[in-house]
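Below are some notes for a colleague who will work with these coordinates, set out as numbered points. Please read them with the structure open.

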Amino acid sequence: MKNKFLLILCLILIYGASIAQNKKSGVIPDESEADYPIPYVIPKPADIKAVIDRVKNYLVESTPYRIIDSKTGEEIKDFSEPNKNAVIDLSKGEFTQWSYTMGVVYSGMNLASEVTGDKSYLDYAIKNYNFVFDNLPYFRKIDKKFGARKEQYGQMMHMAALDHCGSIGAALIKTYEKKKDQRYRDMIDTVANYITNKQFRLDDGTLARERPQAVSLWTDDFYMSVPFLAQMGKLTGEKKYWDDAVKQILQMSARLFDPSKNLYDHGWNAREAKYDPKFYWGRANGWAMMAMAELLTVLPENYPGRDKVMDYLNLTTQQLANLQDGTGFWHQMLDKESTYLETSGSAMFVFAIARGINEGWIDYTFAPVAIAGWDAVATKVL
């Protein structure tokens with residue numbers, strides 16, 4: 001379910017990247033000139049929207065808005081007293097859960113509405129956030145009496161990791177800018193306080209983890225922190241958030257980016273830093289690239305460190321062009337062709353590269369990489 005879910009959310013973001021053909025993109029090879037495993041086709045905006053509409057419709061049709069008794073399966077309608085067995089109905093997926101995956105979905109929904117003018121995408125994000133905040137007081141009562149569980153907004157009430165707040169917090173800011181709900185703003189401030197003042201950091205201020213190894217970094221945390229800091233800077237006008245976001249990209253990259261490969265290692269920890277085995281996991285590199293794209297989108301021109309962030313994005317793009325499979329996908333372990341072709345990581349790369357080209361951060365000669373990637377990933381939306 002998790003792999004399918006990540007594919008869904010990345011596809012939503014891809015549309016917002018607007019994979020429009022740049023007039024300067026050069027000669028596109030005729031399909032008759034090569035026997036491609038997946039035909040190389042320049043996507044039309046209407047065709048892209050049709051794919052994203054299928055994703056949105058699947059989410060809308062699959063999302064139950066119910067609190068049920070885990071013992072009986074019956075819907076709970078009386079919220080006067082906390083029920084120890086009360087759970088969010090997750091029978092079809094985690095669509096109303098507070099999670100990093102849903103954060104990317106809601107960011108995608110916001111972006112798709114902005115690009116297309118179709119409000120139904122944004123409506124989905126607002127409806128789901130409202131379900132969370134409408135029911136949060138009830139689960140706070142349950143937490144007070146019985147203790148919270150992860151699946152019942154436990155990560156929201158007791159933040160203990162970037163996974164619990166950064167991604168979905170970034171999307172909450174984007175949604176708040178369109179719907180000024182005070183409950184949203186209160187939670188945004190809670191997330192900002194957690195990331196700024198409570199999350200474990202290295203001595204130099206780099207956001208870090210204390211598990212599974214003590215004093216460690218994961219490339220995943222680029223996205224679990226930087227987009228929120230980027231959006232918080234935009235929302236408040238306080239440069240401290242942008243400064244922190246840039247710092248995270250540069251200082252995480254100092255430990256995780258391998259200049260001999262121009263790829264990101266999945267993890268680093270202080271105990272084994274000298275003997276790091278270095279695994280270039282596709283999805284980890286995807287998280288890093290999406291985070292850089294999110295930051296560059298809001299960071300002003302000539303902002304200190306912006307050029308260095310752009311360099312990391314370009315170096316990784318250059319290597320990804322070399323490693324792309326003939327199908328248009330990328331391998332789960334990017335430098336190991338024996339590993340399977342992964343859809344979610346591929347979708348992440350398409351989003352970041354397409355946005356980079358459209359915004360002028362990445363040269364348009366990489367457009368065929370993004371187009372081939374889109375053609376591949378779109379085949380997974382049935």
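1. In this predicted model, the buried residues of α7 pack against five helices, namely α4, α5 (154-157), α6 (166-176), α8 (221-236) and α9 (239-256). The residues of α7 that are buried are Tyr 184, Met 187, Ile 188, Val 191, Ala 192, Tyr 194 and Ile 195. They lie on the same side of α7, because the arc that they cover around the axis is only 160°. Asn 197 and Lys 198, by contrast, are exposed on the other side of α7.

2. The length of α7 can be checked against its residue count: at 1.5 Å a residue, its 17 residues should span 24 Å, and the end C-alpha atoms are 23 Å apart, which agrees. The N-terminal end of α7 is capped by Asp 181, which places a side-chain oxygen 2.9 Å from the backbone nitrogen of Arg 183.

3. The loop that runs between α7 (182-198) and β3 (216-218) contains Pro 212. The peptide bond leading from Arg 211 into Pro 212 is cis, with an omega near 5°, and any script that assumes trans peptide bonds should be checked at this position. 

4. Helix α4 has 28 residues, and the distance from its first C-alpha to its last is 39 Å, close to the 40 Å expected at 1.5 Å a residue. Where does the kink in α4 lie? A kink of about 45° is found at Leu 136, shortly before the proline Pro 137. After α4 comes Gly 147, with a positive phi near 100°.

5. The largest nonpolar core has 110 residues, and Trp 98 and Tyr 153 are those with the most contacts inside it. Helix α4 (residues 119-146) gives the most to this core, contributing 13 residues. A second, separate core has 5 residues, among them Ile 38, Ala 347, Ala 376 and Val 377. As general background, nonpolar side chains in soluble globular proteins tend to be buried together.

6. Around Tyr 153, and not counting residues up to four places away in sequence, the residues touched are Ile 88, Thr 96, Gln 97, Trp 98, Phe 131, Val 132, Asn 135, Leu 136 and Phe 139. Trp 98, which appears in this list, is the other residue named with Tyr 153 for the most contacts inside the largest core. Leu 136, also touched by Tyr 153, is the residue at which α4 has its kink.

7. Tyr 138 belongs to helix α4 and has a relative accessible area of 5%, so it counts as buried. Apart from neighbours within four places in sequence, Tyr 138 is in contact with Ile 76, Phe 79, Glu 81, Pro 82, Asn 83 and Ala 86. Tyr 40 is 98 residues away from Tyr 138 in sequence, and the two C-alpha atoms are 51 Å apart in space.

8. Is Val 226, at 0% relative accessibility, buried or exposed? Val 226, which is part of helix α8, counts as buried because its relative accessibility of 0% is under the 20% limit. Its contacts, with neighbours within four places in sequence left aside, are Asp 221, Ala 245, Gln 248, Ile 249, Ala 291 and Leu 295. The C-alpha atoms of Val 226 and Ile 42 are separated by 32 Å, and these two residues are 184 residues apart along the chain.

9. Asp 89 sits in the loop between β2 (86-88) and α3 (100-116), and with a relative accessible area of 5% it is buried. The side chain of Asp 89 makes a polar contact of 2.8 Å with the side chain of Ser 91. Beyond four places in sequence, the residues in contact with Asp 89 are Pro 64, Arg 66, Ile 68 and Thr 96. Thr 96 is also touched by Tyr 153.

10. Two residues other than glycine have a positive phi and are described here together. Lys 278 has a phi of about 60° although it is not a glycine, and its place is the loop between β6 (267-269) and α10 (282-298). Asn 302 has a positive phi near 65° and lies in the loop between α10 and α11 (306-323). As for accessibility, Lys 278 counts as partly exposed at 33%, whereas Asn 302 counts as exposed at 75%.

Key. Residues numbered from 1 in each chain as written. Predicted model: local features only at pLDDT ≥ 70, side-chain atom pairs only at ≥ 80, totals over all residues. Heavy atoms only, no water. Core = buried A, V, L, I, M, F, W, Y, C linked by side-chain atoms within 4.5 Å. Buried < 20%, exposed > 50% of the residue type's maximum accessible area, 1.4 Å probe, protein only. Helix = DSSP H or I, 4+ residues; strand = E, 2+ residues; numbered from the N terminus. Contact = heavy atoms within 4.5 Å. Expected span 1.5 Å × (residues − 1). Bend = angle between axes of the 7 residues up to and from the residue. Arc of directions from axis to C-beta. Polar contact = N/O pair within 3.5 Å; in protein donor to acceptor, adjacent residues only side chain to side chain.
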